[in-house]
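Colleague: I'd like to learn how to read a model like this one, feature by feature. Could you take me through it?

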Amino acid sequence: MIDPLKASLEIAGAGLDAQSTRLRIISQNIANSQSTASVAGGDPYARQTVSFDSVLDRSTGVDLVRVKSIGVDESPFKLELDPGNPAADASGYVKMPNIDVLIELADMREANRTYEANLQVAKQSADMMNQTVSLLKDA
Amino acid sequence: MPPLSPAHKRRHALSASSVQAASPIFRIARQEGRIRLSAIYLDQLATQRTQWLNLRQSLIAGNVSNANTPGFAAKDLPPFSTVLAQTQVAMTATDPMHIAPTPADYAPPQAADEDGANSTLSGNSVNMEGEMMKLGEIGRDASTVNAIKKIYHQMMLSALK
């Protein structure tokens, strides 16, 4: 194992990376919360989900976090009556994405919180390194 | 195997007793005419404490970054007193091939929440607030140890001047 403080920087960096990917998917979901199909009666944008996994990084010998998979939410689409919509089927119903913006916002908050926590760890690790270096100063 | 030379024996005896001899803490062991700074207990203690804190920091980093990983069990180190209790005698490394033990060898990381009482539905047992508390604790302790080291270092320098 490498120097634990360096390792914690690596780990926190992996955490930041994972959470920013999560944030990207959330923003994609929110942006597409009204995206309907381009053909009549077709399926609209399906909500995407992120799953994390802990993996052993062989170069540092520590467990890093990484995005395991970006999946698709299988829950059913909402139906809205809107006969004038180009995506409406024969009976006038449009399939809307299975996205609840409130859930996405809550998820965003959580991603934000975890991102901040990782940042705090990185800050403190760097701070501890600096403290050790400062032992050499004004000696 | 040839018997150990008297010099060898003396060296081993010195290093073993220097760590053990907490009674005269500031006794400086002389070896081959030179003063060995590492023979002073406080210095070694501070180093061990720093190693332990660094290791704990990396475990906390792992916990925080895996706060949303399903099935991840939070890890932590046993208290520093466990390390202290098990590092009574340390042999001097007289050969580059000798491996010096680190606190991780005496007190390996373990699951922080062994009965899984605090784990969520996804099997994750990271308690973010608790981790941040530990992080603050580590930061505080690291500053303390560093301050002690600094003062100790200044004492050494003023003795040399």
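Modeller: Sure, and let's start with a term: a polar contact is a pair of N or O atoms within 3.5 Å, where, within protein, one must be able to donate a hydrogen and the other to accept it. Keep in mind throughout that this is a predicted model.

Colleague: Okay, which backbone oxygen does the side chain of Thr21(A) reach?

Modeller: That of Asp17(A), at 2.9 Å. Thr21(A) sits in helix H1 of chain A, residues 4–31. Leaving aside residues up to four places away in sequence, Thr21(A) touches Val67(A) and Ile70(A).

Colleague: Is Thr21(A) buried or exposed?

Modeller: The cut-off you need is that buried means under 20% relative accessible area. Thr21(A) has 17%, so it counts as buried.

Colleague: Next, salt bridges. How many does the rule count over all chains?

Modeller: The idea is a side-chain nitrogen of Lys or Arg within 4 Å of a carboxyl oxygen of Asp or Glu. By that rule there are 13 over all chains. Take Glu104(A) and Arg47(A), with their closest N and O atoms 2.5 Å apart. This pair ties together distant parts of the chain: Glu104(A) belongs to helix H2 of chain A, while Arg47(A) lies in the loop between H1 and strand E1 (48–57), 57 residues apart.

Colleague: And are those two partners buried or exposed?

Modeller: Glu104(A) counts as buried because its relative accessibility is 1%. Arg47(A), at 15%, is buried as well. Now set beside that the salt bridge of Asp53(A) and Arg66(A), at 3.2 Å from N to O. Here too the pair links distant parts of the chain, with Asp53(A) in strand E1 and Arg66(A) in strand E2 (residues 62–72) of chain A, 13 residues apart. Asp53(A) is partly exposed at 22%, and Arg66(A) is partly exposed at 39%.

Colleague: What about a salt bridge inside one helix? Which residue does Lys134(B) pair with?

Modeller: Glu131(B), and the closest N and O atoms are 3.6 Å apart. The two are 3 residues apart in helix H5 of chain B, which means about one helical turn separates them. Lys134(B) is buried at 17%, and Glu131(B) is buried at 3%. They also belong to a network of salt bridges that links Arg56(B), Asp76(B), Glu131(B), Lys134(B) and Glu137(B).

Colleague: Let's stay with H5(B). How far apart are its end C-alpha atoms?

Modeller: They are 48 Å apart, and at 1.5 Å a residue the 33 residues should span 48 Å, so the two values agree. The buried residues of H5(B) include Met128(B), Leu135(B), Ile138(B), Ala142(B), Val145(B) and Tyr152(B). What covers the buried residues includes helix H2 (101–133) of chain A, along with H2 and strand E3 (75–76) of chain B.

Colleague: How does that helix fit into chain B as a whole? What pattern does the chain follow?

Modeller: Along the sequence chain B reads α-β-β-α-β-α-α-β-α, with 5 helices and 4 strands. Of its 161 residues, 36% count as buried. For the contacts, take those between residues at least 6 apart in sequence: 71% join residues at least 24 apart.

Colleague: Last feature: the interface. How do people usually express its size?

Modeller: Often as the accessible area lost when the parts come together. Between chain B and chain A, that buried area is about 2,400 Å², with carbon and sulfur atoms giving 59%. On the chain B side, Gln57(B), Ser65(B) and Asn68(B) lose the most area to chain A, together 23% of what that side buries. If you'd rather think in residues, 30 of chain B are in contact with 31 of chain A.

Colleague: How many salt bridges and polar contacts run across it?

Modeller: The rule finds 2 salt bridges and 11 residue pairs in polar contact. One salt bridge joins the side chains of Asp63(A) and Lys75(B), at 3.4 Å from N to O. The elements giving two or more residues to chain B's side are helix H2 (41–65) and helix H5 (128–160) of chain B. H5(B) gives the most, with 14 residues. By type, that side divides into 13 nonpolar, 13 polar and 4 charged residues.

Conventions
Residues numbered from 1 in each chain as written. Chains lettered and ligands numbered in written order. Predicted model: local features only at pLDDT ≥ 70, side-chain atom pairs only at ≥ 80, totals over all residues. Heavy atoms only, no water. Contact = heavy atoms within 4.5 Å. Buried area = accessible area lost by both parts, 1.4 Å probe. Nonpolar A, V, L, I, M, F, W, Y, C, P; charged D, E, K, R; others polar. Buried < 20%, exposed > 50% of the residue type's maximum accessible area, 1.4 Å probe, protein only. Expected span 1.5 Å × (residues − 1).
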